[in-house]
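Here is a walk through the aromatic rings and the chain-to-chain contact of this model. Have the structure open while you read.

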Amino acid sequence: MAPVIPRSGDAIFASVERVNAELFTLTYGAIVRQLLTDLEEVEEVNKQLDQMGYNIGIRLVDEFLAKSNVSRCIDFKETAEVIAKVGFKMFLGVTASVSNWDADGTCCSIILEDNPLVDFVELPDTCQGLYYCNVLSGVIRGALEMVSMKTEVTWVRDMLRGDDAFELQVKLLKQVPEEYPYKDDE
Amino acid sequence: MGREVSESCVDSLLTEMVSSYCDRFYANKPELAARRIEAIGFQVGHQLSERYTMERPRFSDNLEAIKFICKDFWSELFKKQIDNLKTNHKGTFVLQDNRFRWLARMSIDPSSEDGDLSQDNSAPVTENKAAQATSMHLYFPCGIIRGALSNLGIPCAVSADISSLPACELLVMECIRLYLLSYAHCIAFISTARYSFFSQSRSSCMIIVIFHPCISERALRFR
């Protein structure tokens with residue numbers, strides 16, 4: 001069987017159906033605003049955004065694997081690179097970078113300088129503590145869980161809070177090896 | 001063409017929004033969930049309409065505004081125009097999209113229905129749930145249109161819901177039963193108006209715009 005060559009993020013993004021990013025940005029903004037009105041507490045909104053992201057991520061990973069032709073990643077370093085270069089590009093049209101690896105290779109930062117979710121967005125003072133893009137952390141966590149990696153994703157830098165970039169810290173907690181549901185000798 | 005994202009971002013965000021509001025936040029209160037989804041659509045439509053009409057002069061009448069929604073606005077959002085516009089010249093407009101993007105990829109989750117459709121008592125329940133799920137998704141585009149028109153100074157009511165008229169209901173159920181495992185169909189009915197439209201074409205969507213009664217009901221000629 002001929003080896004399947006992984007496709008670059010740019011190539012995939014050029015080949016998928018694309019839509020006006022404004023619709024996406026405004027829809028997400030309206031959702032966050034409505035959540036703030038309905039739930040009132042910023043922490044609760046953060047939690048719900050993460051949960052929504054998780055639900056999206058567990059499904060999005062199928063499309064990612066189907067379109068990108070990536071083979072199984074050797075280690076977590078490769079996983080993080082693939083997320084940053086291929087994953088973000090094929091969905092959001094932007095490339096992220098990976099840095100701040102720890103000694104074990106289980107914890108890194110994904111840095112995003114351009115983020116369609118926050119175009120024209122400014123947070124009012126009443127939203128202190130809101131992680132506006134928390135859906136992204138849920139998406140990454142959900143997607144990785146579907147490929148047997150339990151992770152913890154937290155925000156280190158947030159441009160809406162005055163920082164110069166968005167930085168997500170992704171920490172690999174556990175790699176669950178795939179188990180076959182049947183025993184060999186039965 | 002401005003910045004773009006993949007269509008699956010929007011699809012998955014909308015699906016997750018509808019599912020969060022219907023199954024988690026307002027699990028047993030579909031009317032409240034529907035109102036929230038419509039409100040989110042309203043905000044989006046209002047802001048989009050603001051952006052897309054910034055450089056234009058004001059519309060001369062309601063028909064021009066509706067035509068803008070059908071042509072330019074719809075093109076920005078869905079890369080196509082509304083396929084058919086009808087009016088009764090009394091303040092009601094029907095916008096028909098024969099291939100509504102957001103429904104084209106929807107399928108009804110087979111696990112949500114019992115495999116055995118021969119049981120009469122379970123079939124209507126699951127099919128009603130399917131119809132309800134479809135109509136929940138439609139609250140969002142209805143809200144977008146209402147928001148867009150409201151920004152243009154035209155208060156209105158927009159619906160694309162599935163009515164409970166007995167004759168039509170059968171057809172709705174029929175169609176959904178046939179296409180349970182593939183694509184959902186959108187069949188829109190007006191429950192109070194004199195017309196009842198239905199369409200069996202895949203992902204055809206009718207959106208009914210009813211102008212507020214206090215707007216003058218001068219006859220609007222459309223062509």
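## A buried phenylalanine pair

Start with B:Phe68, which is buried at 4% relative accessibility. Bear in mind that this is a predicted model. B:Phe73 is buried too, at 0%. Both count as buried because the cut-off is under 20% relative accessible area.

How are the rings of B:Phe68 and B:Phe73 placed to each other? Their centres are 6.0 Å apart and the planes meet at 50°, so the pair is tilted. That angle falls between the two cut-offs, as planes under 30 degrees apart would count as stacked and planes over 60 as edge-to-face. These two phenylalanines also belong to one aromatic cluster, together with B:Tyr52 and B:Phe59.

## Other rings

Over all chains, there are 9 aromatic pairs. One of them joins B:Tyr21 and B:Tyr26, and here the rings are stacked, with 6.1 Å from centre to centre and 20° between the planes. Is B:Tyr21 buried or exposed? B:Tyr21 is buried, with a relative accessible area of 2%, and its partner B:Tyr26 is buried as well, at 13%.

Over in chain A, look for charges sitting on rings. A:Arg161 puts its charged end over the ring of A:Tyr131, 4.1 Å from the ring centre. A:Lys77 lies over the face of A:Trp101, at 5.5 Å from the centre of that ring.

## Where the chains meet

Now for the contact between the chains. Chain A brings 36 residues to it and chain B brings 33 residues. Together the two chains bury about 3,300 Å², and carbon and sulfur atoms account for 59% of that area. Which three residues supply more than any others of the area that chain A buries against chain B? They are A:Val19, A:Leu23 and A:Leu26, with 19% of that area.

There's polar chemistry here as well. Between chain A and chain B the count is 6 salt bridges. If you want one to look up, try A:Asp114 with B:Arg3, where the closest N and O atoms are 2.7 Å apart. Residue pairs in polar contact between the two chains come to 19, with both residues at pLDDT 80 or more.

## Which elements of chain A take part

On the side of chain A that touches chain B, at least two residues come from each of β1 (18–20), α2 (21–39), α3 (42–68) and α4 (76–92). The biggest giver is α2(A), with 13 residues.

Notes: Residues are numbered from 1 along each chain as its sequence is written. Chains are lettered from A and ligands numbered from 1 in the order in which they are written. This is a predicted model: local features need pLDDT of at least 70, side-chain atom pairs count only at pLDDT 80 or more; totals for chains, interfaces and linings use all residues. Side-chain values use heavy atoms; hydrogens and water are left out. Rings of Phe, Tyr and Trp (its six-membered ring) pair if their centres lie within 6.5 Å; planes under 30 degrees apart count as stacked, over 60 as edge-to-face and the rest as tilted. Buried means under 20% relative accessible area, exposed over 50%, partly exposed in between (1.4 Å probe, protein chains only). A charge sits over a ring if NZ of Lys or CZ of Arg is within 6 Å of the ring centre and within 35 degrees of the ring normal. Contact means heavy atoms within 4.5 Å. Buried area is the accessible area (1.4 Å probe) that two parts lose on being put together, summed over both. A salt bridge is a side-chain nitrogen of Lys or Arg within 4 Å of a carboxyl oxygen of Asp or Glu. A polar contact is a pair of N or O atoms within 3.5 Å; within protein, one must be able to donate a hydrogen and the other to accept it, and residues adjacent in sequence count only if both atoms are side-chain atoms. Helices (H or I, at least four residues) and strands (E, at least two) are DSSP runs, numbered from the N terminus.
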